[in-house]
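This briefing covers ring contacts, cysteines, helices and internal space in one protein chain. Please keep the structure open while reading the points below.

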Amino acid sequence: MLNPGYGQVMSGALPYWRLSGFYFFYFSLLGATAPFLALYFDHLGFSAARIGELIAIPMLMRCIAPNIWGWLGDYSGRRLAIVRFGALCTLLCFAGIFISQSYAWLALIMALHAFFWHAVLPQFEVITFAHLKEQAARYSQIRLWGSIGFIVAVVGLGQLFELLSLDAYPWALILIMGGIVLSSWWVPNAQPQMRPNTLEQGGFLRQLRRPGILAFYLSAGLMQLSNGPYYTFLSLHLEALGYSRGVIGQLWALGVLAEIVLFMFMARLLARYSLRTVLLASFLITAVRWLLLGNLAGHLPVLLFAQLMHAATFGSFHAAAMHFVQRSFADRQQGQGQALYAALAGVGGALGALYSGYSWHSLGSAWTFAIASLIALAAALITAKYIGNERP
């Protein structure tokens, strides 16, 4: 049963279903890549190190692209045009995968499509908050449809690849990218509401130097770094433990289902606890989760519990992070604030994919996830020491 607040969210001028539809398709693409991209590259015969490198390339583009597009969005104000252009170019660039499947060509495809894909979400987050206006705490109730899209993708494709060869994988991604393009044209435009300027005057860099801001971005990058083994090798890890691809898809879906439940109650949590508390709890739970996955994933009850912890590893962390960015920057710097968050997450994700690719081969799964756990603990220490205890 949905949160009672849904009736209020959907009333008035808020284009609830149009915004939700875009998140549905956007995160369906993540649901199609996170669990299955490594399996597809393994299907093509690449080694663990080469798989880590190929998966790291889109994350490295995430370090660059959001800042370029974020500056352009703040400068021009044409955020929705950037979203639509980025979605279309993502589709066109990825379609080049049908030309060749050599390592060099796939690396180029990963870089080109990711440059445009990572233009999309930071700008769309600003558009969403612009539509929400004073209802910013209800962001999670729209964003949860992205999680639903993720579940539909992982469960559906998991069952599909039980029946068909992974040769069908690129076609599935093309269809989802087409959905992103179409849904981007369904969303109406909106500009950030000009709030009374309670933030310190000055440009983006000056706002960035305010207390706790840099610490937040560092901890966000570390969080994504710790996620490297999960998003790169979890499916291969579980397959090696004897789980079928259909079950693997269902296990990914379970984690996101827990995330959806948390999103439904996130507004209440943020009303009761500070952003610092939510972030700190997310980091600590994440550290425990990686230890469970690295050492006890062969025991199904433990694996199920670890997947339920995704509610904190991604759900509460992401929602709190979005609120932190939204409250920390003036209106004309919102795009750059979101872009920097995406870029540092890209740096962390790329380094996480790279280190896990090399350590998986030389150290094994348990040590790779143990390193990830230590990284999450480092993020928790930074948060505890340097981020203030203000409420959203």
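Arg-143 sits over the face of Phe-27, 3.7 Å from the centre of the ring. The model is a predicted one, and a second arginine, Arg-289, lies over the face of Tyr-230 at 4.4 Å from the ring centre. The points below take up the aromatic rings, then the cysteines, then two helices, a loop residue and the cavities.

**Aromatic rings**

- Phe-27, the ring under Arg-143, belongs to an aromatic cluster together with Phe-22, Tyr-23, Tyr-26, Trp-117, Phe-124, Phe-129 and Tyr-139.
- The structure holds 38 aromatic pairs, counting rings whose centres lie within 6.5 Å.
- One of these is the pair of Trp-69 and Phe-116, which is tilted, with 6.2 Å from centre to centre and 45° between the planes.
- Trp-69 is in helix H4 (residues 48-76) and Phe-116 is in helix H6 (residues 103-132), so this contact ties together parts of the chain that are 47 residues apart in sequence.
- Trp-69 and Phe-116 are both buried.
- Trp-290 and Phe-369 also make a tilted pair, at 6.1 Å between centres and 40° between planes.
- Here the partners come from helix H13 (residues 275-296), which holds Trp-290, and helix H17 (residues 365-386), which holds Phe-369, so the pair ties together parts 79 residues apart in sequence.
- Trp-290 and Phe-369 are buried as well.

**Cysteines**

- How many disulfides does a search of the whole structure find? The search finds zero.
- For Cys-89, the closest cysteine sulfur is that of Cys-93, at 6.0 Å, and this is too far for a bond because a disulfide needs the two sulfur atoms within 2.5 Å.
- The closest cysteine sulfur to that of Cys-93 is in turn the one in Cys-89, at 6.0 Å.
- Cys-89 is buried at 12% relative accessibility, and Cys-93 is buried at 18%; the cut-off for buried is under 20%.
- Cys-89 is located in helix H5 (residues 79-94).
- Between the C-alpha atoms of Cys-89 and Ala-56 there are 20 Å in space, with their positions 33 residues apart in sequence counted as separation.

**Helices H5 and H16**

- H5 has 16 residues and runs 22 Å from its first C-alpha to its last, close to the 22 Å expected at 1.5 Å a residue.
- Twelve of the 16 residues of H5 are buried, so this helix is largely enclosed by the rest of the structure.
- The buried residues of H5 include Arg-79, Arg-84, Cys-89, Thr-90, Cys-93 and Phe-94.
- Helix H16 (residues 334-362) has 29 residues, which should span 42 Å at 1.5 Å a residue; the C-alpha atoms at its ends are 42 Å apart, in agreement.
- In H16, 22 of the 29 residues are buried, so H16 too is largely enclosed by the rest of the structure.
- Gly-364, just after H16, has a positive phi of about 95°.

**A loop residue**

- Where does Met-309 lie? Met-309 is in the loop between helix H14 (300-308) and H15.
- Met-309 has a relative accessible area of 10% and is buried.
- Met-309 and Leu-160 are 149 residues apart along the chain, and their C-alpha atoms are separated by 27 Å.

**Cavities**

- The model contains two cavities of 30 Å³ or more.
- The volume of the largest cavity is about 760 Å³.
- This cavity is lined by 35 residues, and those closest to its centre are Leu-30, Arg-62, Trp-117, His-118 and Gln-224.
- Trp-117 is also a member of the aromatic cluster that holds Phe-27.
- Which elements give two or more residues to the lining of the largest cavity? They are helix H2 (16-33), H4, H6, helix H10 (213-226), helix H11 (228-240), helix H15 (310-328) and H16.
- H6 supplies the largest share of this lining, with seven residues.

Definitions and conventions. Residues numbered from 1 in each chain as written. Predicted model: local features only at pLDDT ≥ 70, side-chain atom pairs only at ≥ 80, totals over all residues. Heavy atoms only, no water. Phe/Tyr/Trp six-rings, centres within 6.5 Å; stacked < 30°, edge-to-face > 60°. Helix = DSSP H or I, 4+ residues; strand = E, 2+ residues; numbered from the N terminus. Buried < 20%, exposed > 50% of the residue type's maximum accessible area, 1.4 Å probe, protein only. Lys NZ or Arg CZ within 6 Å of the ring centre and 35° of its normal. Expected span 1.5 Å × (residues − 1). 1 Å grid on protein atoms, 1.4 Å probe; cavity = no way out; pocket = protein on both sides within 12 Å on 5 of 7 lines; lining within 4 Å. Points joined across faces, edges and corners; volume = space filled by probe spheres on them.
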